[in-house]
Amino acid sequence: MEVTIIVFVVMSLLGSLMWMMPSKREKLLATLRLDARKAGFTVQLVHVEPPRAEGEYESDTINVAAYRMSRNNSHKKQPETVPWQVFRVKAISCDGLTEGWSWKIGERMLSSSHLAVLNEVIKALPDDVVGLESTPIHVSAYWKELSGIESMEIIKNELEKLKKANL
């Protein structure tokens with residue numbers, strides 16, 4: 001009887017410890033986000049609402065990581081950037097964008113040369129990037145973090161292109 005009680009207590013303690021330990025996926029995300037900070041990203045977990053897809057009554061809120069790169073606004077001569085957001089969803093507001101992407105903010109606000117750069121960036125992004133955002137303060141990629149460190153490097157390079165084009 002005593003042995004049964006001891007085994008039960010030990011098993012419940014081990015179960016509690018195993019429940020508290022991070023999973024393999026959580027460990028990978030922690031490593032990925034640490035590498036992202038070293039690469040110059042600020043990573044935030046955000047709730048975003050993409051535009052309503054064609055045929056949908058209302059859009060769903062997505063919980064996703066925002067990988068943000070700050071703009072270097074120390075140059076006084078740098079022109080002001082136009083804020084915009086695009087998402088990987090087929091919707092009505094898609095003027096000038098690659099097939100399967102739509103505007104949330106900023107439709108018809110960018111020049112044709114800026115649209116060309118934006119479409120080039122969109123085509124190079126990994127499939128698990130669900131959106132892009134640009135403000136005068138930062139550029140961001142909304143990423144589901146399914147594809148690993150190689151994709152983070154691609155995202156970094158593409159966001160640098162947006163910064164360089166003042167997009």
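Me: Strand 3 (residues 84-87) caught my eye; which of its residues are on one side and which on the other?

Reply: As a rule, side chains in a regular strand alternate between the two faces of the sheet. Here Trp84 and Val86 sit on one side, with Gln85 and Phe87 on the other, and all of them are buried, leaving both faces of strand 3 covered. "Buried" means under 20% relative accessible area, "exposed" means over 50%, and "partly exposed" is in between (1.4 Å probe, protein chains only). Keep in mind that this is a predicted model: local features need pLDDT of at least 70, side-chain atom pairs count only at pLDDT 80 or more, and totals for chains, interfaces and linings use all residues. Residues are numbered from 1 along each chain as its sequence is written, and side-chain values use heavy atoms, with hydrogens and water left out.

Me: How do I read strand pairing, and which strands pair with strand 3?

Reply: Two strands pair if DSSP finds at least two bridges between them. Strands are DSSP runs of E, at least two residues, while helices are runs of H or I, at least four, and both are numbered from the N terminus. Strand 3 pairs antiparallel with strand 5 (residues 129-134) over 4 bridges, and Gln85 stands opposite Glu133 there. Strand 4 (residues 102-105) also runs antiparallel to strand 3, joined by 3 bridges; Val86 has Trp103 as its bridge partner in strand 4.

Me: What about Thr81: where is it found, and is it buried or exposed?

Reply: Look in the loop between strand 2 (62-70) and strand 3. Thr81 counts as buried because its relative accessible area is 7%. For neighbours, we use contact, meaning heavy atoms within 4.5 Å. Leaving out residues up to four places away in sequence, Thr81 touches Arg71, Thr135, Pro136 and Asn166.

Me: Zooming out, how many helices and strands are there in the protein chain?

Reply: You'll find 4 helices and 6 strands, in the order α-α-β-β-β-β-α-β-β-α from the N terminus on.

Me: What radius of gyration does the protein chain have, and what would a compact globule have?

Reply: The radius is taken over C-alpha atoms, and the globule rule is 2.2 Å times the number of residues to the power 0.38. That puts a compact globule of 167 residues near 15 Å, but the protein chain has 21 Å. Its C-alpha trace spans about 80 × 45 × 25 Å along the principal axes. Buried residues make up 37% of the 167. Of the contacts with a separation of 6 or more, 59% come from residues 24 or more positions apart.
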